[in-house]
Amino acid sequence: MALRSQGKKVAVVPTMGYLHEGHLSLIRKGKEFADAVITTLFVNPLQFGPNEDFEQYPRDFKRDCMLAESAGCDVMYAPEVIEMYPRGYNTNIHIGGVTDVLEGERRPGHFDGVATVVAKLFNASVPDIAVFGQKDYQQTLVIKRLNTDLNFGIDIIIAPTKREANGLAMSSRNTYLSTEQRENAGIIFRSLEEARREIAKGERERKIINSIIIKTLKSIPEIKIDYVASALADTLEQPETFLPGDKIVMLIACYFGKTRLIDNAVMEIPYALNEANFVEGI
Ligand code: AMP
């Protein structure tokens with residue numbers, strides 16, 4: 001608030017901590033567009049299912065503070081669970097539509113938890129700008145809906161997914177992977193690239209696009225696929241055939257052992273046969 005009263009632009013970067021280069025790129029992006037960046041660090045129990053990894057989720061507050069500061073973060077806001085949800089707390093935000101499928105279907109209550117905590121963090125930080133990662137694609141749609149529907153009036157910036165050298169999307173959960181799993185998990189991005197190449201060559205059928213991704217993923221015997229989907233990027237509708245000019249998103253959720261990984265890529269269906277590239281930072 002004090003910063004805003006001095007006419008400074010404030011950006012917020014909500015995270016669950018255990019920061020990696022993906023998070024830091026969001027902080028840098030915030031700094032590009034604002035005078036001050038607030039990073040929030042909160043492992044939000046509301047967005048974890050009963051059989052998920054809330055307790056095991058990696059935490060290292062000191063390291064996070066150092067990394068965030070090195071990326072240009074001005075203020076770290078790391079509330080305790082009891083501060084966010086004190087006795088008597090009884091509000092939950094549910095966003096319909098985009099939450100009905102994929103992650104929303106597989107993780108009941110997850111997006112309610114996300115929408116609720118992000119609304120609280122927006123109210124606590126009163127930002128002009130908020131930066132989120134494309135890595136959590138469906139979440140970006142939920143946040144945009146929340147921002148519009150509840151009149152937050154914040155500029156929502158979506159930053160591209162930061163990847164390891166083998167294409168694996170960076171994630172705090174990658175620490176659960178063995179060295180071999182981490183190497184093998186490069187197949188996730190390679191399968192998206194394989195689909196992109198086929199789309200560039202003229203493939204338009206949604207189910208065939210999905211089957212190309214599935215076939216590539218299955219070259220690693222250990223992978224258990226949770227879902228593979230391709231959909232219109234703005235609504236997550238899944239028509240049988242995509243049309244030239246459609247902006248689509250291809251989404252994957254899969255397991256390596258107990259570790260659940262997600263990834264996605266966005267692209268436009270080309271009008272002619274050509275090199276179609278992924279769209280980043282949508
Ligand atoms: P998390 O701490 O996993 O809840 O993520 C906090 C924010 O960082 C979210 O907006 C994520 O989408 C974003 N994020 C996570 N991983 C990456 C990545 N590899 N590249 C870019 N942004 C990311």
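Q: What makes up the lining of the second largest pocket, by class?
A: In this predicted model, that lining has ten nonpolar, one polar and four charged residues. The classes follow a fixed list: Leu, Phe, Val and Pro count as nonpolar and Arg as charged. Leu41, Phe42, Val43, Arg59 and Pro79 are the residues that lie nearest the centre, out of 15 lining the pocket. The pocket's volume is about 250 Å³.

Q: Why is the approach of aspartate 136 to the ligand called a polar contact?
A: A polar side-chain atom of aspartate 136 sits 2.6 Å from an oxygen atom of the ligand. The cut-off for a pair of N or O atoms is 3.5 Å, so this pair counts.

Q: What makes lysine 162 and methionine 170 polar contacts of the ligand too?
A: Here the backbone does the work. A backbone N or O atom of lysine 162 is 2.8 Å from a nitrogen atom of the ligand, and for methionine 170 a backbone N or O atom is 2.9 Å from a ligand nitrogen. Both values are within 3.5 Å, so both pairs qualify.

Q: How do you know how much of the ligand the protein buries?
A: Taken alone, the ligand exposes 480 Å², and the protein buries 93% of that. Strand S1 (10-15), helix H2 (21-33) and strand S4 (129-133) each give two or more residues to the shell around the ligand. H2 gives the most, with three residues.

Q: Which residues come nearest the ligand, and what classes make up the shell?
A: Met16, His23, Gly133, Asp136 and Lys162 come nearest, out of 17 around the ligand. The whole shell has seven nonpolar, seven polar and three charged residues.

Q: Why are strand S6 (223-232) and strand S9 (278-279) called edge strands?
A: Four strands form an open sheet in the order S6-S7-S8-S9, with antiparallel pairing. S6 and S9 each pair on one side only, which is what makes them edges.

Q: How do you know that S8 and S9 pair?
A: Two bridges join strand S8 (residues 259-268) to S9. Pairing needs at least two, so these strands pass. Valine 266 stands opposite valine 279 in S9.

Q: What makes up the lining of the largest cavity?
A: A search of the whole structure finds one cavity of 30 Å³ or more, and the largest cavity holds about 50 Å³ of space. Among its lining residues are Asn264, Ala265, Val266, Phe278 and Val279. S8 and S9 are the elements that give two or more residues to this lining, and S8 gives the most, with three. By class, the lining has five nonpolar, three polar and two charged residues.

Terms used. Residues numbered from 1 in each chain as written. Predicted model: local features only at pLDDT ≥ 70, side-chain atom pairs only at ≥ 80, totals over all residues. Heavy atoms only, no water. 1 Å grid on protein atoms, 1.4 Å probe; cavity = no way out; pocket = protein on both sides within 12 Å on 5 of 7 lines; lining within 4 Å. Points joined across faces, edges and corners; volume = space filled by probe spheres on them. Near = heavy atom within 4 Å. Polar contact = N/O pair within 3.5 Å; in protein donor to acceptor, adjacent residues only side chain to side chain. Areas by Shrake-Rupley, 256 points an atom, 1.4 Å probe, with all protein chains shown as cover.
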